[in-house]
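Here's a walk through a protein–DNA model, meant to be read with the structure open beside you. We'll begin where the protein meets the DNA and then move into the fold itself.

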Protein chains: 2
Amino acid sequence: MSQRVPTVRDVAARAGVSVGTVSKALNNRGQLRDETRARVVAAARELGFRPNTLAQSLQSGRTYTVAVITTDRFGRFGNPLMLGVEDALGADRVSVFLCDTRDDPIREYHHAQTLDERRVDGIIVAGRRKQTRAPLAVASGVPVVYVIARSSDPSDFCVTTDDVGGGVLAGRHLLAAGRTRIGHITGPERFADPRERAAGLQQVLDEAGLSLAGGQVFYGEWSEDWGRRAAEMLLHAAPDTDAIFCGSDQLARGVVETLRDRRLRVPGDIAVVGFDNWEPMAAGCRPPLTTVDPNLREVGRVAATRLLDMIAGTPVEGGVETVPAWLMLRESTGVRLTEPPLGSN
Amino acid sequence: MSQRVPTVRDVAARAGVSVGTVSKALNNRGQLRDETRARVVAAARELGFRPNTLAQSLQSGRTYTVAVITTDRFGRFGNPLMLGVEDALGADRVSVFLCDTRDDPIREYHHAQTLDERRVDGIIVAGRRKQTRAPLAVASGVPVVYVIARSSDPSDFCVTTDDVGGGVLAGRHLLAAGRTRIGHITGPERFADPRERAAGLQQVLDEAGLSLAGGQVFYGEWSEDWGRRAAEMLLHAAPDTDAIFCGSDQLARGVVETLRDRRLRVPGDIAVVGFDNWEPMAAGCRPPLTTVDPNLREVGRVAATRLLDMIAGTPVEGGVETVPAWLMLRESTGVRLTEPPLGSN
DNA sequence: GTGCCGAAAGAAAACCTATTCCGAATGTTC
DNA sequence: GAACATTCGGAATAGGTTTTCTTTCGGCAC
C-alpha cells in the first residue's frame with residue numbers, strides 16, 4: 001500500500017486518461033463522454049483522491065482562507081464574534097486562520113507578514129475596545145475589515161457595536177418599567193465604550209427631564225468588586241435610587257450582591273440592567289439579569305459578509321457600520337416576555 | 001504602479017540574475033558571491049517581495065499549518081487551550097486553522113475533508129468532555145492528537161486533564177486546613193469528569209478514614225442554581241459540614257451565595273474549593289475562590305508539542321497523557337500564600 | 001605562453017500539483 | 001470528401017525550490 005497521497009497523475013493512470021481529462025471530469029468542465037467522466041470519478045474514489053488545495057490556489061489566485069487577528073488573548077468576547085464569522089464564512093467553504101496578537105504590536109506585525117505570504121483572501125482585525133488603531137501592516141490589495149477597534153485610515157471599513165444605542169435601550173426599558181431614579185455604574189472613564197453607554201442613558205434621561213441618580217456616572221474598574229463598592233457609594237449618595245444600569249454583567253453581579261446584603265429586593269426595590277449578555281454571568285445571577293446584548297455574533301457575521309463582498313470585488317466604502325444592540329429580558333427588571341425581543345434602534 | 005504582487009521572476013529581473021539564483025540568495029543556499037546575494041536581497045526589499053507560501057508548500061510538502069477542531073462552539077474552555085496551542089506553535093511559525101463543529105458530525109466530517117485537501121500538517125481534535133469518540137475521518141498519515149475526548153482507536157494519542165488528581169488536590173488541601181467534614185457538590189453523574197473529581201476526593205477521604213459529609217455526592221447540573229440548592233440540601237443533611245468541594249467555579253458561586261444567606265462565614269465556618277479556575281468567576285467571588293486549575297493551557301501546549309513531534313516524524317505511541325492539575329489558592333479556604341503554587345501529583 | 005584541472009558562480013531546466021487552453025484525432029453529416 | 005462537432009491529449013501556467021549543467025577563472029606545471 002502506498003502511503004503517498006494520490007495526485008491527478010495517479011488518477012489519470014488508473015482511469016487510462018490524461019491529467020487534463022481528470023481535471024475536467026472532476027470539475028464538470030469541458031467536453032467529455034459520460035463514460036469517461038464516470039471512469040475518472042470511479043478511479044478518483046477508489047484511490048481516495050483529494051485535490052491539493054495549494055495547487056488549485058496557486059492557479060486561481062484565491063485561497064479561500066480568511067484570517068481573524070484578535071488582540072483579545074482568546075478572551076470571551078471573541079467567542080460570539082467567531083461564531084458569527086463562521087456563520088458567514090462556513091457557507092462559502094472558507095477556512096479561517098485564528099491569530100492572537102496578545103496585544104503585542106510585534107506579534108501583530110509578524111502575523112500580518114505570515115498572512116501576506118499565505119495569500120489569505122482577506123483579514124478581520126478585531127480589537128476588544130472601541131479605539132482608533134493604526135492600519136494593519138499588510139500588502140495593499142488585501143481586503144481588511146476592522147471590528148470594534150477602527151482603523152485610523154478613514155477609507156478602511158469597520159464594523160462595531162452600538163454602545164450609545166445599548167444605553168438608550170437600557171434607559172428606555174427602565175423608564176417603561178416605571179423607574180425614574182436611575183443610577184449608572186460602569187468601567188473606566190478612559191475607555192470609549194463605557195462613556196458611550198453612559199451617553200445613551202443620559203440621552204434618555206434628558207428626553208424625560210430626569211437626572212442621574214447619585215448625580216454622576218460611577219466610573220471604575222471592570223470588576224465585581226467595583227460593582228459592590230460603587231453600589232454602596234451610589235446608595236449612600238442617593239438612597240431612593242430605584243434602578244441601576246451597569247456597564248457590564250460582572251459589575252451587575254457585584255451590584256446585586258450589595259443590594260441583597262442590604263436586604264433590598266431586585267427588582268422590587270431596585271431594578272438592575274447589565275451589559276454584555278454574558279450568559280453564565282447573567283443567567284446565573286439571582287435574580288437572572290436583564291442585560292443589553294451588544295450582538296457580537298451579528299457583528300462578526302456582518303464583518304465576514306462585508307469581507308466576502310470586498311473579496312468578490314464589490315466596492316465597500318470606508319466608514320463605520322454599527323450593529324444595533326438588543327435587550328435580553330430576564331427577571332432583574334421585573335418584566336417578563338415570552339417572545340425573544342429584538343432591539344430596534 | 002503595479003498592483004500585482006511581485007514574484008521571484010520580478011526580483012530576478014531587477015537584480016539581473018536568474019530565478020534560481022534569487023531563491024538561493026534569499027534562502028542562504030548554494031554558492032553565491034556576497035555581492036550577488038546582497039543585490040538580490042536589495043531588489044527583493046525594494047519590490048516588497050514576499051515568497052508565496054503556497055508555492056513553497058507545494059514544493060516541500062509541508063504547509064506549516066495545523067488545525068484545531070473543537071466541538072465547543074468556541075466556548076470558554078477552548079480559550080486557555082488555544083493559548084497553550086499557540087504557545088507551542090508560534091515559535092515554529094505554524095499557523096492555525098480554527099474549526100468549530102458545533103457538535104454536528106456532518107460539520108466535523110466536512111471540516112476534516114477540507115483540512116485534508118488543504119494538506120494541513122496535523123490536527124488537534126478537542127472535545128469538551130472526557131468521553132470516547134470515533135477517530136476523525138481524515139486521510140491516513142495525517143497526525144492527529146485528541147484533547148480531553150479520546151479516540152476509540154487505542155493507537156491514537158490523547159492529552160487530557162487529571163480530574164482524579166484535581167479531586168485529590170482539593171481534598172488534601174482541605175484536610176491540611178483542618179477540615180474533616182467535607183461535602184461534594186458537582187455536575188451530572190453521567191459525565192466522567194465529575195465522577196473522576198469525586199473519586200479523587202473520595203480517595204483522600206478513604207486514606208484519612210473519613211467519609212463524605214451528607215453521605216453522598218450531590219450530582220446535578222452545571223449551574224449556579226444547582227449549587228445554591230445543593231448547598232441547602234447538604235447543610236440540611238449534615239449541618240456540621242465544615243468544607244465543600246465544588247465540581248465547578250459556577251457551582252461554587254452558588255454554594256457561597258447560599259452560605260452567605262445563611263450567615264455562614266467562608267472560610268471561617270465553611271471552606272469552599274471550586275474547580276476550573278475560571279478567572280472572572282473565581283476571582284470575582286466574595287471571598288475569592290480557591291480552586292483547582294485543570295491546566296488547560298498546559299494541555300494545549302503539550303498537545304501541540306506532541307503534534308509537532310509527530311509531524312517531525314518522531315514516533316509518538318498511542319495512549320493518554322495526563323497533565324497534572326494545580327491548586328489556585330485564594331481566600332475561600334483561608335490559606336494565603338505568596339508563591340504561586342504548582343500542584344504536584 | 002600554453003594547456004590542464006578543479007572550484008566557484010550562476011544560468012537553465014526539472015519538479016511540485018492542478019487547471020486551462022490549444023490543437024489533433026476521430027466521428028458525423030450532407 | 002469537405003465542413004463541422006465531439007472528445008481528449010499535450011503543453012503552458014501558477015510561483016517557488018532544487019538539481020544539473022555550463023561558463024569562467026585561478027592556479028600550476030611544463
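Around DNA strand D, the protein surface is made up of eight nonpolar, 13 polar and seven charged residues. Keep in mind as you click around that this is a predicted model.

**Around DNA strand D**

There are 28 residues around this strand, and the ones that come nearest are Thr21(A), Thr36(A), Val8(B), Ser23(B) and Gln59(B). On the DNA side, sugar and phosphate supply 65% of the strand D atoms that come within 4 Å of the protein.

A few polar contacts are worth pulling up. Thr21(A) has a polar side-chain atom 2.4 Å from a phosphate oxygen of DNA strand D. Ser23(B) also uses its side chain, with an N or O atom 2.7 Å from a phosphate oxygen of the strand. With Arg33(A), look at the backbone: one of its N or O atoms sits 2.8 Å from a phosphate oxygen of DNA strand D.

Which elements give two or more residues to this surface? From chain A they are α2 (19-27) and α4 (53-60), and from chain B they are α1 (8-15), α2 (19-27) and α4 (53-60). The largest share comes from α2(B), with four residues.

**Around DNA strand C**

Now flip over to the other strand. DNA strand C has 27 residues around it, with Val8(A), Ser18(B), Thr21(B), Arg33(B) and Thr36(B) coming nearest. These surroundings break down into seven nonpolar, 13 polar and seven charged residues. Sugar or phosphate accounts for 69% of the strand C atoms within 4 Å of the protein, and bases make up the rest.

Here are three polar contacts to look up on this strand:

| Residue | Atom on the protein | Atom on DNA strand C | Distance |
|---|---|---|---|
| Val8(A) | polar backbone atom | phosphate oxygen | 2.6 Å |
| Gln56(A) | side-chain N or O atom | phosphate oxygen | 2.9 Å |
| Lys24(A) | polar side-chain atom | base nitrogen | 3.5 Å |

The elements with two or more residues on this surface are α1 (8-15), α2 and α4 of chain A, plus α2 and α4 of chain B. Here α2(A) gives the most, with four residues.

**The six-stranded sheet of chain A**

Away from the DNA, chain A has an open sheet of six strands in the order β9-β8-β10-β11-β12-β14, with mixed pairing. Its edge strands are β9 (217-219) and β14 (326-328), each pairing on one side only. On average, neighbouring strands in this sheet are turned by 20° against each other, ignoring direction.

At the β14 end, strand β12 (residues 290-293) of chain A pairs with β14(A) in the antiparallel sense over three bridges. If you want a spot to zoom in on, Thr291(A) stands opposite Met328(A) in β14(A).

Two helices pack on the sheet. Helix α7 (residues 163-176) of chain A touches β8 (182-186), β10 (243-246), β11 (271-275), β12 and β14, and its direction makes about 165° with that of β11(A). Helix α8 (residues 192-208) of chain A touches β8, β9, β10 and β11, at about 175° to the direction of β8(A).

Elsewhere in chain A, Thr160(A) is found in strand β7 (residues 157-161). Is Thr160(A) buried or exposed? It counts as buried, because its relative accessibility is 6%, under the 20% cut-off. Leaving aside neighbours within four places in sequence, its contacts include Lys130(A), Ile148(A), Val299(A) and Val320(A).

**Inside chain B**

Strand β11 (residues 271-275) of chain B is mostly covered, with five of its five residues buried. Ala271(B), Val273(B) and Phe275(B) point one way from the strand, while Val272(B) and Gly274(B) point the other way. Strand β10 (residues 243-246) of chain B runs parallel to β11(B), joined by three bridges, and Phe245(B) stands opposite Val273(B).

Phe245(B) turns up again in the surroundings of Ile185(B), a residue of strand β8 (residues 182-186) of chain B. Beyond its neighbours within four places in sequence, Ile185(B) is in contact with residues including Phe218(B), Trp226(B), Leu234(B), Phe245(B) and Val255(B). Ile185(B) is buried, with a relative accessible area of 0%. For a sense of distance, Ile185(B) and Glu257(B) are 72 residues apart in sequence and 14 Å apart in space, C-alpha to C-alpha.

Notes: Residues are numbered from 1 along each chain as its sequence is written. Chains are lettered from A and ligands numbered from 1 in the order in which they are written. This is a predicted model: local features need pLDDT of at least 70, side-chain atom pairs count only at pLDDT 80 or more; totals for chains, interfaces and linings use all residues. Side-chain values use heavy atoms; hydrogens and water are left out. Buried means under 20% relative accessible area, exposed over 50%, partly exposed in between (1.4 Å probe, protein chains only). Contact means heavy atoms within 4.5 Å. Two strands pair if DSSP finds at least two bridges between them. Axes are lines fitted to C-alpha atoms, for helices over the stretch in contact, and angles run from 0 to 180 degrees between N-to-C directions. A residue is near a molecule or strand if one of its heavy atoms lies within 4 Å of it. A polar contact is a pair of N or O atoms within 3.5 Å; within protein, one must be able to donate a hydrogen and the other to accept it, and residues adjacent in sequence count only if both atoms are side-chain atoms. Ala, Val, Leu, Ile, Met, Phe, Trp, Tyr, Cys and Pro count as nonpolar, Asp, Glu, Lys and Arg as charged, and the others, Gly among them, as polar.
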